[in-house]
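Colleague: Hi! Could you walk me through the cysteines and the aromatic side chains in this one?
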Amino acid sequence: MENTTTAVKRKGYKRIWAGRKGRYYRNNLIIVLIVSSIPGLIIGLLVYWMAGGSLEEELLEMHNRQIEQRAANIDDQLSNLELMLAHWAFDPKFDYSLKNMDFTMNHERAWDITKTLVVMQGSNSMARQVELYLAGDRPVLFNTEYGTVTSGGAAVYEKLMKTEQSTYWTELAFDPAKPQQKELTLVHHIPGGSLEPFGVLLLRMDTQRVSDMLRTMTPYNSGEVYMLQKSGGLFISGSGTGDAATPFVNSLQAAIEARGSGDSTSFLYDLDGVTYAVTYGDFSRIASEWMYVSASPISSITSPVVELSRTIIMVSLSALLLAAVLSWIASRKIYSPFRRLLQTLLPEHDVCEGREDEVTLIERHWQNLHGQQNALQYTLSEQLPHVQRSFLHQLFQGYLYAFSEQELQSRMKQYKWEVEDCVFVVLYIQLTGISSLEGKFRSGDESLVSFAAVNIITELATEHFERAETVNLHNLTAGILLIGPGGAPETARVQAFGEELAATINRMLKLQATVAYSAPIDSISAIPRSFEAAKQAASHRRYGGGNQVVSLEQLEREGEGAHMPQYSFTLERGLIQALRTGEAEEADRLLEEFLATLSADGAKVIDVQQGMLHLLGAVQHAVLEAGIAPNQLFKGRNLYAGLSQIHEPGMILPWFRDHVVSPFLKELSERSDAGIRRTIDQAMLYIQEHYMDNISLDSCADYTGTSPFLLSKSFKRVTGQNFIDYLTGLRIEKAKELLRDTDLKMNDVALQVGYQQSYFNRIFKKQEDITPTRYRELSRHEGQKDAETR
C-alpha cells in the first residue's frame with residue numbers, strides 16, 4: 001500500500017504542485033489559479049487528463065506486483081510450516097515405539113511428547129494447536145494434555161489416517177457438534193515415511209490469523225481475498241467466513257476461468273459500479289495445487305481524479321469570473337484523495353495535524369518501514385543456517401526423493417548455496433565408546449555429546465575445506481557434505497582429514513570415531529544414496545578397533561569376503577539349552593563366550609550384528625517351542641530393529657541380557673514353579689519307598705521324567721537340601737529306629753537302609769558324631785532309665 005500511494009503522489013500530484021508540500025501550500029495554489037489566465041487553465045486541463053488516463057493502468061501494474069510479492073511471502077510461510085511438520089514427523093520421538101504404548105505406565109514418555117507438542121505449537125504464530133493422535137484399541141490424543149478419545153471424536157482422526165498421501169492440507173471440523181467451524185489443518189502420518197502409519201501429527205491453524213494473513217493481499221478494507229484448492233475441498237477466505245458460494249466469489253471465479261490459462265494474472269473487473277483490481281496465481285502445495293485470488297477496489301482512488309478532470313473541463317468552459325470559485329473547489333477536491341491516502345496509511349495523522357506537513361509524515365513512515373525491512377532481513381540471515389541444516393538433514397535421510405535434480409538445485413540456491421558445476425563428497429561420522437567411560441555420561445547424554453562433537457567437526461572441516469556443511473544426526477552420529485566447485489577434494493586429503501578428525505575427537509571427548517566417506521558424485525539427487533552407502537561402510541569397521549577411517553571405494557575393491565565370522569553353533573545350542581532349563585548363570589556365561597567368539601580375530605561390526613541377529617532368531621524359535629507368544633513376552637518390541645540400531649560394542653551384551661534372556665528366564669521360572677513342586681513331591685515319595693535300595697540322582701530323575709541337573713537344582717530350591725543330603729538324612733533316621741527298636745546286627749541294619757556296613761559306620765559317625773554301636777547302647781540305657789522312672 002505504501003508503494004502504491006507514493007507512486008500516485010509522484011505521478012499525479014507532483015506534476016501540478018511542482019514539489020510543493022500538501023495542505024501547507026494549498027492557499028498558494030488557490031492564488032496561482034485565480035491569477036492564471038485561460039491558457040494556464042487549458043494547460044492544467046491537459047495535464048490532469050493525461051494523469052487521469054494513465055492512473056488506472058499504473059495502479060493495476062503496481063497493485064499486481066505488490067500482491068504477487070505478498071503472495072510469495074504467504075507461500076514461504078506455508079512452505080516453512082510444511083517443512084517444520086515433516087521434520088518433527090521423522091523425529092525418533094514419534095517412531096513405532098509409541099504404537100499401543102500404555103501411557104499410564106509410561107507417563108514420562110507421555111510428558112516428553114506433550115512438551116514437544118508445546119514447543120512445536122509455540123514455534124509458529126500461525127499454529128493454534130498441535131496435536132498427536134495415536135490409533136489403537138484405546139486411541140490417545142496429545143495436545144497440551146493427553147487422554148483417550150471417544151469413538152465419535154476418534155472418527156475424525158481415523159479419517160485422516162486413511163488418505164494415500166502421508167502429508168496434506170485439509171479443512172476439517174473437529175467438533176462434531178459444530179460442523180460449520182472448520183479449521184485449516186496440516187496433517188502428517190507418523191512415523192514419517194511409513195507405509196503403515198498408526199497415528200497422525202496435526203497442525204491446526206489459527207483461523208483468525210490465517211484470515212489476517214490473507215487480508216495482507218488486499219490493501220483496502222473492502223474487496224475480497226481467498227485461497228482455494230483447485231481439486232476442491234479447501235476454501236479459505238480473508239473474511240473468515242469459509243463460504244465459497246457467495247455471488248461475488250462465484251462471479252470472480254467465472255471471470256478467471258473465462259480468461260484461460262494463457263492470459264495475464266491480473267485484470268480490472270467491474271461489478272455493481274465498482275472497479276476491482278483482480279490478481280490471481282497458483283501455490284504449489286503438497287500433493288495439490290492451490291489458487292489465490294485478490295480483488296481490491298481501485299475506483300475509490302481513481303474516481304476523485306476522474307471527477308476532478310470533469311470539473312476542470314467545466315471550469316475551462318466557464319467564465320473567468322467563476323474561475324476563482326471553481327479553483328477553490330478544485331483545490332479541495334485535489335486534497336481530498338490525499339487526505340484519504342493519509343488516513344489509510346497513517347491513521348495517527350489527525351493527532352499530528354497542524355504540527356507537521358503530510359509529506360514529512362509519509363517520509364518518516366517510509367523510514368520506519370525501511371528499518372523494519374532491515375530487521376526482517378537480519379532475522380532471515382540469522383535463521384538461514386538452521387534452515388540449511390534442516391534441508392541437508394532431510395536430503396541425507398532421503399526424504400526429498402520426490403524432487404528432481406533441477407528442483408533440488410533450485411532449493412539449494414534459495415538457501416544461498418552455489419551448486420552449479422560442483423562435485424560432492426559425503427562423510428558419515430559415528431562415535432563409539434561412551435559406554436566404557438565409567439559413569440562420566442549418563443543415559444540421555446548422547447544428544448549433548450553429539451552436539452559437542454558436531455561443533456568440533458564443523459570447526460575442523462572449515463579449516464580443511466572451503467565449503468563444508470555439517471549436520472547433527474544425533475545419537476552420536478553426524479554427516480558432512482563437501483562441495484567442490486569444478487572438482488572434488490582429493491581422496492588423500494579427505495583421508496587425512498578423517499584421521500585428524502578421529503584423533504581430535506578421541507583426544508577431546510575420549511571417544512572413538514569411525515569416519516566413512518563416499519566417492520565423488522556430480523549430482524545432488526545422488527547424495528542420499530552415497531550417504532546411505534557411507535553409513536553402511538561404517539558398519540564394516542573392526543569390532544572394538546578404536547579410531548577408523550573407511551573409504552567406500554577401498555571397501556568395494558577389497559570385497560566383503562575377506563573375513564569369515566566365527567559363529568559358534570555349539571555355544572548357540574548350549575545357550576538355548578541353558579535357557580530352556582532355566583540355568584541363568586550358565587546362560588549368562590555362554591552368552592558372554594558366544595559374543596567373545598563372534599567378535600574375535602578382527603571381526604567387523606556388521607558381522608557381530610548379523611551373528612547376534614541370528615542368535616536372536618534362535619532364541620525366539622526356542623520361545624515359540626516353549627509355547628510362549630513372543631509379542632506378549634517382549635511387549636511388542638521390535639527386537640531386530642533395536643539390536644540393529646546399537647552401534648556401541650559395549651552395549652550389545654547388556655541389551656541382549658536385559659531385553660531377551662531375562663524376560664525368557666523369568667517367564668519360564670513363573671511357569672515351572674507349580675510343575676517343579678509336583679516333580680519334587682514325586683521324587684521325595686520315590687526316595688521314601690526305595691531308600692533301602694541302591695538309588696541315585698539319575699534313577700530318581702528317570703522316575704520323575706526330568707534331567708538330573710534340573711532335578712538337583714529344583715530339589716535344593718524346594719526342600720532347602722541337596723538330593724544326597726536328603727537321602728542320607730532319611731537313611732540315618734531309619735537306621736536310628738532299627739538300632740533303638742530291634743536287635744538286628746549292624747550289617748543287617750546297614751543293608752536295610754541301603755549301605756554297606758563299613759560305609760554305614762563312617763556316614764553314621766559323620767552325621768551323629770558317635771558310632772552306631774555306641775548309639776544303640778546309649779538308646780537302651782536311656783530306655784531303662786525311663787522304665788525305672790515309670
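Modeller: Happy to; here is a short chat about cysteines, then aromatic rings.
Modeller: This is a predicted model, where local features need pLDDT of at least 70, side-chain atom pairs count only at pLDDT 80 or more, and totals for chains, interfaces and linings use all residues. Residues are numbered from 1 along each chain as its sequence is written, and side-chain values use heavy atoms, with hydrogens and water left out.
Colleague: How many disulfides does the search find?
Modeller: Zero in the whole structure, taking a disulfide as a pair of cysteine sulfur atoms within 2.5 Å.
Colleague: Is C700 buried or exposed?
Modeller: C700 is buried, at 1% relative accessibility. Buried means under 20% relative accessible area, exposed over 50%, partly exposed in between (1.4 Å probe, protein chains only). C422 is buried too, at 6%.
Colleague: Switching topic, how many aromatic pairs are there?
Modeller: The search gives 22. Rings of Phe, Tyr and Trp (its six-membered ring) pair if their centres lie within 6.5 Å; planes under 30 degrees apart count as stacked, over 60 as edge-to-face and the rest as tilted. One of them is F267 with Y269: centres 6.4 Å apart and planes at 85°, so edge-to-face.
Colleague: And what about F764 and Y775?
Modeller: Their ring centres are 5.7 Å apart with planes at 65°, so that pair is edge-to-face. F764 is buried at 0% relative accessibility, and Y775 is buried at 12%.
Colleague: Which residues form a cluster with them?
Modeller: Y755, Y759 and F760 join F764 and Y775 in one aromatic cluster. The charged end of R731 sits over the Y755 ring, 4.9 Å from its centre; that label needs NZ of Lys or CZ of Arg within 6 Å of the ring centre and within 35 degrees of the ring normal.
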